[in-house]
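Colleague: Hi! I'm new to this one, so could you walk me through it?
Modeller: Happy to; here it is.

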Amino acid sequence: MVTTSRLYPSVHDACTVRYRKSVIVSTDVPQTPEQVYGFLDVMANHERFTDHYLTNWRYTGPARGIGSCATVTAALGGTKTDVTIDVVEAEAPRRIVERNVSAAGRRQGRGTYTIEPLPTGGARVSFTYTWVRAPLADRLLAPVVRATMRHANRTVMRRLATELACHVSAAES
């Protein structure tokens with residue numbers, strides 16, 4: 001016997017599918033994947049390229065790697081909320097995965113940095129943000145929320161490229 005909920009998907013199911021579309025941004029940099037990973041692996045370095053919308057950084061756990069954690073204030077789309085960012089996976093020099101929790105646990109997401117070598121040298125750095133759970137308002141405004149996140153994260157990628165250039169130059173001096 002098939003229940004009616006299977007025959008007629010709920011409005012919630014449609015919203016769930018829509019808001020779960022990931023936001024992906026990337027940039028190409030002249031640094032090696034090892035240099036990029038080494039920079040991104042240190043949680044405190046993220047403040048340098050995200051402080052245009054993530055402020056009031058508070059750190060816990062180790063400085064780098066799995067378990068490093070920061071609580072930040074996110075100001076995006078006219079609202080402010082505290083977000084906990086916790087590194088949950090790391091695969092040097094290719095990938096770092098962060099879990100993000102805010103709105104008293106009603107908003108949960110995963111941020112994944114992927115670092116790939118380029119055939120001509122340097123690396124492509126991609127950041128994918130995927131919603132795992134979102135409050136009703138986020139689901140209803142999913143296209144606007146994704147566009148806002150995409151814009152903010154494109155700025156993050158530009159600023160990351162600049163910070164990498166400064167960081168690697170300083171390390172080589």
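Modeller: We'll go from the overall fold to one residue and then to a surface patch. This is a predicted model, where local features need pLDDT of at least 70, side-chain atom pairs count only at pLDDT 80 or more, and totals for chains, interfaces and linings use all residues. Residues are numbered from 1 along each chain as its sequence is written, and side-chain values use heavy atoms, with hydrogens and water left out.

Colleague: Great. How many helices and strands does the protein have?
Modeller: Six helices and seven strands, taken as DSSP runs (helices H or I, at least four residues; strands E, at least two) numbered from the N terminus. Along the sequence they read α-α-β-α-α-β-β-β-β-β-β-α-α.

Colleague: What about Thr73, is this residue buried or exposed?
Modeller: Thr73 is buried, because its relative accessible area is 13% and buried means under 20%, using a 1.4 Å probe and protein chains only. Thr73 belongs to strand β3, residues 69–76.

Colleague: And which side chain does Thr73 join in a polar contact?
Modeller: That of Asp82, at 2.9 Å. A polar contact is a pair of N or O atoms within 3.5 Å; within protein, one must be able to donate a hydrogen and the other to accept it, and residues adjacent in sequence count only if both atoms are side-chain atoms.

Colleague: Switching topic: where is Leu140?
Modeller: In helix α5, residues 136–140.

Colleague: How much of the protein is buried?
Modeller: Buried residues are 40% of its 173 residues.

Definitions and conventions
Buried means under 20% relative accessible area, exposed over 50%, partly exposed in between (1.4 Å probe, protein chains only).
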